[in-house]
Amino acid sequence: MSIAPVWFISHGAPDLVLRDQPATHFLKNLRLGDLKGLVVISAHWFTRSELQINVEPNPTLMYDFYGFPEPLYHIRWPASSPLWLQEAVSDQLLLAGLPAEPVRRELDHGVWSPLSLMDPASSVPLVQLSIPASFTPRQLWQLGEALQQLRAQGIGILASGAITHNLRALGPENSPVPGWARSFVDWLELTMAEGDRAALEDYRARAPGAVESHPHDDHLRPLFVALGAAGQDKPVKLHDSWDGGSLYMGSYRFA
């Protein structure tokens, strides 16, 4: 079996699934391929300090937003999380000295919004891990490294967040891209391509436009897990578009 890929997906606004925008069309045409399972890390599940794993076998959907069109709250997606996959992920984390506390919860929109487009029938089982709020970019990278060996078992890794995420800076459709957002994306993509781990872990001090692009870094944190899980694999950009001027919808595959 070939090594399973790693993805970082910019999931955008919760109503991504309803909108007619380039990123929506991109995700509808993106497929997971021949995977046995998928580990998902979302920007919308933070835990205080401990790492957690969702062991709900048939998780329903969490509508963790408000003020969006009513049809969004009626979307259903039949996800499954079998015991064998939960155990495979838990065992791998234990080997790395990162035990995960089992909990039962619904899937937040960082999971179901992109995956309901990529895998409408939910043909690939998944398990979701939390992001401990206390973890630094280096620790998140190490978490990704702990997941690397799962790829040889046909289990892919999908990190869901945003390359830029400053909601106060959003403008009307087709707004111009701010210079700080463009500078940050250019720096990030170049630094990922160069594999400069030290610079990426210290992005907040080194990258132009970092603070403007991420007043809070919750949506960038999943990227560090993806980078760790990718190992020596370099990113291939799959999609390039902007929403509301400053929200970059870039998505990448590491394989």
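**Exercise 1.** State which residue follows α5 and what the sign of its phi is.

*Solution.* Helix α5 is followed by G195. The phi of G195 is positive, near 70 degrees. Helices here are DSSP runs (H or I, at least four residues), numbered from the N terminus. The model is a predicted one, in which local features need pLDDT of at least 70, side-chain atom pairs count only at pLDDT 80 or more, and totals for chains, interfaces and linings use all residues. Residues are numbered from 1 along each chain as its sequence is written, and side-chain values use heavy atoms, with hydrogens and water left out.

**Exercise 2.** Determine which residues of α5 are buried.

*Solution.* Buried means under 20% relative accessible area, exposed over 50%, and partly exposed in between (1.4 Å probe, protein chains only). By this criterion, the buried residues of α5 are A181, F184, V185, W187, L188, E189, T191 and M192.

**Exercise 3.** Locate E87 and classify its exposure.

*Solution.* E87 lies in helix α2 (residues 83-95). Its relative accessibility is 41%, so E87 counts as partly exposed. The C-alpha atoms of E87 and V55 are separated by 9.3 Å, although these residues are 32 residues apart along the chain.

**Exercise 4.** Identify the residues through which α4 and α9 meet, and divide them by character.

*Solution.* Contact means heavy atoms within 4.5 Å. From α4, the residues P137, L140, W141, L143, G144, E145 and L147 take part; they meet R221, F224, V225, L227, G228 and A229 of α9. These residues divide into nine nonpolar, two polar and two charged. Here Ala, Val, Leu, Ile, Met, Phe, Trp, Tyr, Cys and Pro count as nonpolar, Asp, Glu, Lys and Arg as charged, and the others, Gly among them, as polar.

Technical notes. Helices (H or I, at least four residues) and strands (E, at least two) are DSSP runs, numbered from the N terminus.
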